[in-house]
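Let's take a walk through this structure, one contact surface at a time. Have the viewer open so you can click along.

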There are 2 protein chains.
Amino acid sequence: MKTQLRKGTLEMCVLAVLAHQDSYVYEIVGRLAERMEISEGTIYPLMRRLQADEWVTTYLTESSSGPARKYYTLTASGRAALLAMRGEWDSFVAEINAVLGEGGADKENTHEA
Amino acid sequence: MKTQLRKGTLEMCVLAVLAHQDSYVYEIVGRLAERMEISEGTIYPLMRRLQADEWVTTYLTESSSGPARKYYTLTASGRAALLAMRGEWDSFVAEINAVLGEGGADKENTHEA
DNA sequence: ACAGCTACCTTGTAATGCAAGGTAGTGTGT
DNA sequence: ACACACTACCTTGCATTACAAGGTAGCTGT
């Protein structure tokens, strides 16, 4: 069920990581794993989508500790998409909290939405 | 894409509406539609799930303006589930915002486009 | 040579939301 | 009587996405 909540947010999270700095899947997974459970199998197909949408481009870099790394960089439209997603995310959260706040009168005002 | 964000939250929203007061699908949809786009086809299967999980029970009531209404009531475990979901929701939102905030060290840079 | 790590990638399954469509009772206008 | 609109129920098929499990390959240390 926690899985379902994530739908649609992982793209945004990955874009946010890339906004910070270029990265490759193995590292992205490691970063995200600090804060949430995440699996490689989720990210690879996702990266293909990001590429298809032209939100990222890639380049290869040699690694001294394993196979070459495939770095991903945000494009201009990737950055724009991230901003748009943040906006959607914020209004979505507000929307849900409004519904919860409305129905949740039985829990006398936990915290505000 | 907005659709994907909703995954996993609609159950919680419906439970929240029912926590407010007993209701039937047609009305629930109307209520939720005030705040978000939502379709009947989504809710009926969802109600079956809620019933299967024994989070709601139903009773029929005659209506003076159409077919009988099938009201849904929260069970005790339904209320418990709603509380649990709210908890998950809050920590999920915090989690995502943390990732966004981190990648968004350029949050100074939120000149929201 | 082998184990273990880095790093890439694919396939199949499950969960969920939605559009489109179908059934039926009640009231209103012609 | 007939058509239409509104309430109210419900189902089927599709698309999207996350995940588990599995596969390939380079590099390092013993």
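What follows starts with the contact between the two protein chains, moves on to each DNA strand, and ends with a single serine.

Keep in mind as you look that this is a predicted model. Begin where chain A meets chain B. Chain A puts 37 residues into the contact, and chain B puts in 39 residues. Between them the two chains bury about 4000 Å², with 65% of that on carbon and sulfur atoms. If you go looking for salt bridges between chain A and chain B, the count is 0. Polar contacts do turn up: 4 residue pairs between chain A and chain B, with both residues at pLDDT 80 or more. On the side of chain A that touches chain B, the elements giving at least two residues each are α1 (2-6), α2 (10-20), α3 (25-33) and α5 (76-103) of chain A. Which of these gives the largest share? That would be α5(A), with 15 residues. Sort this side of chain A by class and you get 17 nonpolar, 8 polar and 12 charged residues.

Now turn to DNA strand C. It has 28 residues around it, and the closest are A:Arg48, A:Arg69, A:Lys70, B:Lys7 and B:Thr42. Of the strand C atoms that come within 4 Å of the protein, 71% belong to sugar and phosphate. You can pick out some individual phosphate contacts here. The side chain of A:Arg48 has a polar atom 2.8 Å from a phosphate oxygen of DNA strand C. A:Tyr24 has a side-chain N or O atom 3.0 Å from a phosphate oxygen of this strand, and for the side chain of B:Arg6 the distance from an N or O atom to a phosphate oxygen of strand C is 3.0 Å. Both chains take part in this surface: α3, α4 and β3 (69-74) of chain A, along with α1 (2-6) and α4 of chain B, each give two or more residues. By class, the surface near strand C holds 9 nonpolar, 11 polar and 8 charged residues.

On to DNA strand D, which has 30 residues around it; A:Lys7, A:Thr42, B:Arg48, B:Arg69 and B:Lys70 come nearest. Here, sugar and phosphate make up 71% of the strand D atoms that come within 4 Å of the protein. Backbone atoms get involved too. A polar backbone atom of A:Gly8 sits 3.0 Å from a phosphate oxygen of DNA strand D, and a backbone N or O atom of B:Tyr26 is 2.9 Å from a phosphate oxygen of this strand. What part of DNA strand D does the side chain of B:Glu40 approach? A base nitrogen: an N or O atom in that side chain is 3.1 Å from it. The elements supplying at least two residues each to the surface near strand D are α1 and α4 (40-52) of chain A, together with α3 (25-33), α4 (40-52) and β3 (69-74) of chain B. That surface breaks down into 11 nonpolar, 11 polar and 8 charged residues.

Last stop: B:Ser63, in the loop between β2 (56-61) and β3 of chain B. Is B:Ser63 buried or exposed? Its relative accessibility is 17%, so B:Ser63 counts as buried. Leaving aside residues up to four places away in sequence, B:Ser63 touches B:Ala68 and B:Arg69. You've already met B:Arg69, one of the residues that come nearest to DNA strand D.

Conventions. Residues are numbered from 1 along each chain as its sequence is written. Chains are lettered from A and ligands numbered from 1 in the order in which they are written. This is a predicted model: local features need pLDDT of at least 70, side-chain atom pairs count only at pLDDT 80 or more; totals for chains, interfaces and linings use all residues. Side-chain values use heavy atoms; hydrogens and water are left out. Contact means heavy atoms within 4.5 Å. Buried area is the accessible area (1.4 Å probe) that two parts lose on being put together, summed over both. A salt bridge is a side-chain nitrogen of Lys or Arg within 4 Å of a carboxyl oxygen of Asp or Glu. A polar contact is a pair of N or O atoms within 3.5 Å; within protein, one must be able to donate a hydrogen and the other to accept it, and residues adjacent in sequence count only if both atoms are side-chain atoms. Helices (H or I, at least four residues) and strands (E, at least two) are DSSP runs, numbered from the N terminus. Ala, Val, Leu, Ile, Met, Phe, Trp, Tyr, Cys and Pro count as nonpolar, Asp, Glu, Lys and Arg as charged, and the others, Gly among them, as polar. A residue is near a molecule or strand if one of its heavy atoms lies within 4 Å of it. Buried means under 20% relative accessible area, exposed over 50%, partly exposed in between (1.4 Å probe, protein chains only).
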